[in-house]
Amino acid sequence: MKDAMTDGIVSLVGAGPGDPELISVKGLRLIQSADAVVYDRLVDKRLLDHARENVEMFDVGKIPGKRINRQEDINRLLVELGSAGKRVVRLKGGDPFVFGRGGEEAEALANAGLTFEIIPGITSAIAAPAYAGIPITQRRVASSFTVVTGSEDPTKPGTSVDWETLAKSSDTLAVLMGQSNLRIIADVLVDYGRPPDTPVALVQWGTEPYQRTLVGTLANIADEAAAAGIGAPAVTVIGDVVKLRKAIRWFDNRPLFGKRVLITRTRTQSSALSAMLTHRGAIPVELPTIEIQPIKDYAELDDALSSAQRYDWAVFSSANAVDIVFDRLPALGMDARALHGVCIAAIGPATRRRLREWGIVADFMPSSFVADVAVNELGALGVEGKCVLLPQAQIARDTLRVGLAENGADVQSIAVYRTVTPQNTTERLQDILADGIDIATFTSSSTATNLVELMGGNTDALKNATIACIGPITAERAAELGFSIDIVSAEHTIAGLVSAVESHFTEGDKAK
């Protein structure tokens with residue numbers, strides 16, 4: 001083989017069964033450094049987001065009845081890319097060597113004298129049952145399992161699968177690509193001696209948040225699948241291990257499982273909310289409706305920071321304000337010592353955490369993270385006659401400034417950033433609404449305002465969605481815009497919002 005350092009390399013990478021987090025660390029690293037990515041239909045497209053901006057992308061997925069990319073053409077493409085000295089990732093669903101035709105691709109590369117490597121992936125034959133709460137083996141239930149393709153008609157002459165032997169010998173059968181032949185497979189297994197009441201589970205879109213699992217027997221599974229509309233891709237699990245699902249089901253019984261949740265935060269702030277929702281089984285749908293941009297002129301902020309010692313308090317009501325202020329100090333030849341002696345207030349734990357990241361420990365955080373409470377509690381500390389610096393968004397509610405001033409403080413409110421509606425989001429919103437939304441979340445008044453602007457002022461597309469707001473101020477604004485508010489979190493944080501949404505649906509299920 002040629003030297004991989006000078007002539008490129010083709011990596012046959014198993015992408016796993018669906019959930020993009022189930023790819024191997026090495027597989028993800030190779031995607032991030034690839035010159036070209038050749039991917040299949042069942043590969044979760046979120047994995048492609050990890051590739052470099054200028055990477056070449058080749059969709060070679062085979063869609064039954066619509067598009068067929070011949071294996072010979074895929075082999076030829078891999079050889080061409082490898083021969084050009086590129087770092088190529090051939091991204092395949094599941095494991096490359098488990099009915100993935102990875103062996104054929106490896107042979108083609110070997111015959112061409114190219115350098116290649118195999119990065120195993122988690123096969124759906126094991127992962128889909130696991131996510132359905134079905135162990136493929138279990139002591140005293142099944143000590144072996146067989147993975148078999150179901151794409152061939154078991155009744156045709158010369159079939160490559162010995163169904164008679166499988167019916168009599170294997171504890172657990174995991175059948176891949178067998179949906180179109182499900183009825184024939186079930187009948188053949190019964191004909192060869194498997195009891196008709198043998199438990200069967202169909203796991204469609206295994207490991208994905210829209211996974212569906214149907215349980216039946218060899219006698220009725222085909223009819224049940226047809227009635228339920230279970231189609232490909234699906235893994236068929238046959239054997240007594242299916243009975244264990246009732247006890248150890250863990251994935252598709254999460255409180256928000258399968259619910260599509262609209263996230264309207266900025267792109268940089270959405271990850272924490274997405275992660276919390278995913279952990280509860282939801283499908284986060286990110287549509288940033290606000291974008292943080294710098295203001296055109298920092299003269300007022302620069303003047304305030306240059307004479308920061310004149311302030312008794314600096315009150316930060318957002319992590320964005322913290323970042324802008326502390327990013328600005330080095331431009332003035334200063335650092336955090338400029339605020340020495342100034343008491344620091346953080347309105348909310350996210351703001352407090354961001355201050356800590358800059359090496360600042362907040363002197364005060366209100367017991368509730370709304371402006372009115374902050375004003376009352378700061379007033380109780382004695383701000384009368386004190387000079388207060390209040391860095392905020394260009395368009396911000398006046399509650400803090402007015403409230404502190406009414407408590408006798410000399411407040412200098414300075415616009416340090418502005419929020420705008422991101423460009424090129426209207427088309428994305430139309431696609432999202434067409435697919436449907438179960439829950440819409442608003443984490444600030446501006447997220448609600450900007451979403452309605454993107455919707456052309458008409459909220460009807462979300463009239464059937466559950467509307468969840470991070471606090472009463474946001475809820476009040478969302479209601480003014482025409483939304484019917486279902487959830488207002490008592491704790492005005494991202495964690496509090498998610499907890500409120502979870503409780504809403506958990507309590508609703510109990511009430512049924």
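The legends below describe an overview and several close-up views of a predicted model.

**Figure 1. Overview of the predicted chain.**
The chain has 512 residues, and 49% of them are buried. Its secondary structure consists of 19 helices and 20 strands. The C-alpha trace extends over about 95 × 65 × 45 Å along its principal axes. Of the contacts between residues at least 6 apart in sequence, 68% link residues at least 24 apart. The exposed area of the chain is about 24300 Å², with 49% of it supplied by carbon and sulfur atoms.

**Figure 2. Packing of helix α17 against helix α18.**
Helix α17 covers residues 445-454 and helix α18 covers residues 472-480. Their axes come within 8 Å and cross at roughly 20°. Because angles under 35 degrees count as roughly parallel, α17 is described as roughly parallel to α18. The crossing of α17 past α18 is right-handed. On the α17 side the contact is formed by S445, A448 and T449, and on the α18 side by I473, T474, R477 and A478. By class, the residues of this contact between α17 and α18 are three nonpolar, three polar and one charged.

**Figure 3. Packing of helix α11 against helix α12.**
Helix α11 runs over residues 299-306, and helix α12 over residues 319-328. The two axes come within 10 Å and cross at roughly 70°. Angles of 65 to 115 degrees count as roughly perpendicular, and α11 is therefore roughly perpendicular to α12. From α11, residues L301, D302 and L305 meet I324, V325 and R328 of α12. The contact of α11 with α12 has four nonpolar and two charged residues, and no polar ones.

**Figure 4. Packing of helix α12 against helix α13.**
Helix α13 comprises residues 349-357 and packs with α12 at an angle of about 25°. The axes of α12 and α13 are 8 Å apart. With this angle, α12 and α13 are roughly parallel to each other. Their crossing is right-handed. The α12 residues in the contact are A319, V322, D323 and F326, and those of α13 are A350, T351, R354 and L355. The residues of the α12 and α13 contact divide into five nonpolar, one polar and two charged.

**Figure 5. Surroundings of V501 in helix α19.**
V501 lies in helix α19, which covers residues 494-511. Its relative accessibility is 2%, so V501 counts as buried. Leaving out residues up to four places away in sequence, V501 touches L256, I439, A468 and I487. Between V501 and A36, which are 465 residues apart along the chain, the C-alpha separation is 41 Å.

**Figure 6. Surroundings of V60 in the loop between β3 and α3.**
The loop that holds V60 runs between β3 (56-59) and α3 (71-83). V60 is buried, with a relative accessible area of 7%. Apart from neighbours within four places in sequence, V60 is in contact with V38, Y39, D40, N69, I74, L77 and R90. R41 is 19 residues from V60 in sequence, and their C-alpha atoms are 7.2 Å apart in space.

**Figure 7. The cis peptide bond between A232 and P233.**
Most peptide bonds are trans. The bond that joins A232 and P233 is cis, with omega about -5°. P233 is in the loop between α8 (221-228) and β10 (234-238).

**Figure 8. Positive phi at R140 and at M177.**
Most residues other than glycine have a negative phi. R140 is not a glycine, yet its phi is positive, near 75°. The loop containing R140 lies between α5 (124-131) and β6 (145-149). R140 is exposed, with a relative accessible area of 74%. M177, also not a glycine, has a positive phi of about 55°. M177 is in the loop between β7 (172-176) and α7 (182-191). The relative accessible area of M177 is 44%, so this residue counts as partly exposed.

Technical notes: Residues are numbered from 1 along each chain as its sequence is written. This is a predicted model: local features need pLDDT of at least 70, side-chain atom pairs count only at pLDDT 80 or more; totals for chains, interfaces and linings use all residues. Side-chain values use heavy atoms; hydrogens and water are left out. Axes are lines fitted to C-alpha atoms, for helices over the stretch in contact, and angles run from 0 to 180 degrees between N-to-C directions. Helices (H or I, at least four residues) and strands (E, at least two) are DSSP runs, numbered from the N terminus. Angles under 35 degrees count as roughly parallel, over 145 as roughly antiparallel, 65 to 115 as roughly perpendicular and the rest as oblique. A crossing is left-handed if the near helix is turned anticlockwise from the far one by less than a right angle, and right-handed if clockwise. Contact means heavy atoms within 4.5 Å. Ala, Val, Leu, Ile, Met, Phe, Trp, Tyr, Cys and Pro count as nonpolar, Asp, Glu, Lys and Arg as charged, and the others, Gly among them, as polar. Buried means under 20% relative accessible area, exposed over 50%, partly exposed in between (1.4 Å probe, protein chains only). Accessible areas come from the Shrake-Rupley method with a 1.4 Å probe; for residues, only the protein chains shown count as cover.
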